[in-house]
Amino acid sequence: MLNYLRDEVAERYDILGRDLARKGIDIEEVKKKISNFMVEVPSWVFGPFGGGRFSSYIPPGAARNVFEKFDDAALVHRLTGATPKVSIHVGWDCPGNIPFEKIEADHFRGLKDYAENLGLGIGSVNPTYFLEGTHFGSLSADDINVRRKLIEHTLVAAEIASKYGSGILVLWLPDGSLYPGQVNFRLKESNLRESLREIYDRTPSSVKILIEYKLFEPGTYHTVIPDSFTAYDLARNLGDRAGVIIDLGHHAFGVNVEHIAARFIESGIPAGIHFNSRYVADDDQAVEPNMQIFLLFHELAMGSVIGNQDSRKNWIYIIDQCSKLENRIHAILHTIDSLMISYAKALIVDEEKLRGYQIRNEIILANRTLLDAFLTDVRPIICAAKLEKGLPPDPVSAYLESGYQEKIEMERL
Ligand code: AFD
Ligand code: MN
Ligand code: MN
């Protein structure tokens with residue numbers, strides 16, 4: 001996406017800088033923020049998950065174990081300078097062949113050391129609620145034994161997060177139902193509330209718990225946490241250490257996700273984003289620099305929950321993608337580019353002019369002011385930020401030239 005600019009980058013950067021200065025925006029400040037932008041990559045994007053319903057196809061070169069996933073993540077970080085942390089799924093990523101019930105926090109010590117040797121760290125930790133025995137629910141199951149087992153599993157995940165990760169737990173539940181009458185909505189919710197209460201009360205005080213919501217899948221008729229309101233309500237009832245993850249793929253079409261983000265910013269609740277994009281349902285496809293992502297970044301930037309000097313105010317940013325057919329490393333690099341581009345566009349909105357139009361109820365003029373930023377080609381800023389750090393301007397081209405794909409396809413048969 002960026003390579004063609006390589007020779008002209010300085011010239012284009014100067015022209016854009018002069019344009020932005022007229023709006024009172026310092027291009028150097030924008031570049032600095034882009035340079036500091038960091039996002040977690042998910043371990044699962046590098047592995048076999050995502051074969052899909054229609055075949056067991058796995059893109060060639062997929063990582064065969066958690067260490068290979070971290071090797072790939074290290075390469076992504078070398079090419080982008082933006083992904084020092086890897087989000088892990090406890091059930092998928094436990095080193096060794098340990099049965100699910102026997103997984104302990106200390107099994108992850110070696111992974112932390114391995115990551116550190118690669119210049120990486122473990123980021124957010126996901127307990128895995130969907131592997132076995134949870135066809136009829138996990139934390140909301142009527143079967144107390146299922147709930148107990150997963151509460152204990154979540155506490156192990158919390159210990160991993162506090163000892164070896166960044167102190168963030170992300171909970172996604174596969175709980176729901178397929179037909180009206182199958183379950184009692186209120187019983188499911190009270191089961192869930194009880195499980196969460198126990199988890200919250202027994203997790204170290206340094207650990208934050210972020211809850212995902214999802215409108216569909218695997219529940220087709222209902223899911224126990226279907227929307228942002230439910231997740232917010234559950235989190236608020238737990239306490240200050242609980243919040244919400246907005247996963248972009250988990251809404252009905254047309255939902256105003258940037259408004260949800262704005263509401264969470266206003267409420268002050270801890271929050272984060274799972275970045276991905278979808279064309280149908282929860283595809284977990286790569287992010288494109290589209291209008292939705294731009295508008296989302298605009299809310300995050302205006303709300304100072306990204307790039308804030310006081311890091312406690314910043315939200316957690318994680319990529320959650322793993323689509324089945326594409327080359328996953330291309331896809332993740334593409335996402336990181338798209339996020340940087342969208343963030344840079346959000347940083348060059350003429351806020352003063354926008355506010356002026358809002359006050360005067362100039363509807364179209366306000367909209368055009370926002371669009372002016374969206375339509376600006378900010379790639380010279382991204383390019384300049386990368387060149388300054390000694391990074392390739394186009395990470396996908398650099399990946400193609402690196403020979404890494406050929407190497408993993410040979411080694412990982
Ligand atoms: C699934 C869920 C959810 C979750 C992810 C990792 O839809 O997005 O974050 O698995 O647990 O894709
Ligand atoms: Mn997610
Ligand atoms: Mn999802």
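**Group meeting talk: charges, metal and core**

Let's start with E68. E68 is buried, at 11% relative accessibility. Keep in mind that this is a predicted model.

What does E68 pair with? E68 forms a salt bridge with R64, and the closest N and O atoms are 2.6 Å apart. R64 is another matter for accessibility. The relative accessible area of R64 is 48%, so R64 is partly exposed. For E68 the value is 11%, so it falls under the 20% cut-off for buried. General background here: side chains of opposite charge can pair when their charged atoms come close.

The pair is part of something wider. R64, E68, D72 and R412 are linked in a network of salt bridges.

Let's follow R412. Where is R412? R412 sits in the segment after α16, the helix that spans 404-411. Is R412 buried or exposed? R412 has 8% relative accessibility, so it counts as buried. The side chain of R412 reaches the side chain of E68 in a polar contact of 3.4 Å. What else does R412 touch, leaving aside neighbours within four places in sequence? The contacts are G61, A62, A63, R64, E68, D71, D72 and Y404.

How many salt bridges are there in total? The count is 30. I'll show two others.

One of them joins E152 and R202, with closest N and O atoms 3.1 Å apart. E152 is in helix α6, residues 144-163, and R202 is in helix α7, residues 185-202, so this pair ties together parts 50 residues apart in sequence. E152 is partly exposed, at 35% relative accessible area. R202 is partly exposed as well, at 44%.

The other joins K163 and E159, at 3.1 Å from N to O. Both K163 and E159 lie in helix α6. They are four residues apart, about one turn of the helix. K163 has a relative accessible area of 39%, so K163 is partly exposed. E159 has 34%, so E159 is partly exposed too.

Now a charged residue without such a partner. E212 is in strand β6, residues 208-212. E212 is buried, yet has no salt bridge. How far away is the nearest side chain of opposite charge? That side chain is K214, and the distance is 7.4 Å. A salt bridge needs a nitrogen and an oxygen within 4 Å, so K214 does not qualify. E212 does have a polar partner: its side chain makes a polar contact with the side chain of H274, at 3.3 Å. The contacts of E212, leaving aside neighbours within four places, are V170, L171, W172, I225, I245, D247, H250 and H274.

H250 is on that list, and H250 takes us to the metal. Which residues hold the manganese ion, ligand 3? The protein donors are H250, through NE2, and D282, through OD. They lie 2.2 to 2.5 Å from the ion. H250 is in the loop between β8 (242-247) and α9 (257-267). D282 is in the loop between β9 (271-275) and α10 (291-302). The two are 32 residues apart, so the pair links distant parts of the chain. H250 is buried, at 3% relative accessible area. D282 is buried too, at 19%. A second manganese ion, ligand 2, is 3.9 Å from ligand 3.

Stay with the loop between β8 and α9, because A252 is there too, and A252 is partly exposed at 33% relative accessibility. Leaving aside neighbours within four places, A252 contacts L215 and R278. A252 and N145 are 107 residues apart in sequence, and their C-alpha atoms are 33 Å apart in space.

Last topic: the nonpolar core. How many residues does the largest nonpolar core have? It has 117. I34, F275, F297 and W315 have the most contacts inside it. Helix α11, residues 328-347, gives the largest share, 11 residues. Look at F275. Not counting residues up to four places away, F275 touches V39, L248, V287, L296, F297, Y317, I318, I319, D320, Q321 and L339. There is also a second, separate core of six residues. That one includes I168, L210, I245 and I316. I245 also appeared among the contacts of E212.

How values were computed: Residues are numbered from 1 along each chain as its sequence is written. Chains are lettered from A and ligands numbered from 1 in the order in which they are written. This is a predicted model: local features need pLDDT of at least 70, side-chain atom pairs count only at pLDDT 80 or more; totals for chains, interfaces and linings use all residues. Side-chain values use heavy atoms; hydrogens and water are left out. Buried means under 20% relative accessible area, exposed over 50%, partly exposed in between (1.4 Å probe, protein chains only). Lys and Arg count as positive and Asp and Glu as negative; His and the chain ends are not counted. A polar contact is a pair of N or O atoms within 3.5 Å; within protein, one must be able to donate a hydrogen and the other to accept it, and residues adjacent in sequence count only if both atoms are side-chain atoms. Contact means heavy atoms within 4.5 Å. Donors are N, O and S atoms within 2.8 Å of the metal (3.2 Å for Na, K and Ca); water is not among the atoms, so sites may look incomplete. A nonpolar core is a set of buried Ala, Val, Leu, Ile, Met, Phe, Trp, Tyr and Cys residues joined through side-chain atoms within 4.5 Å.
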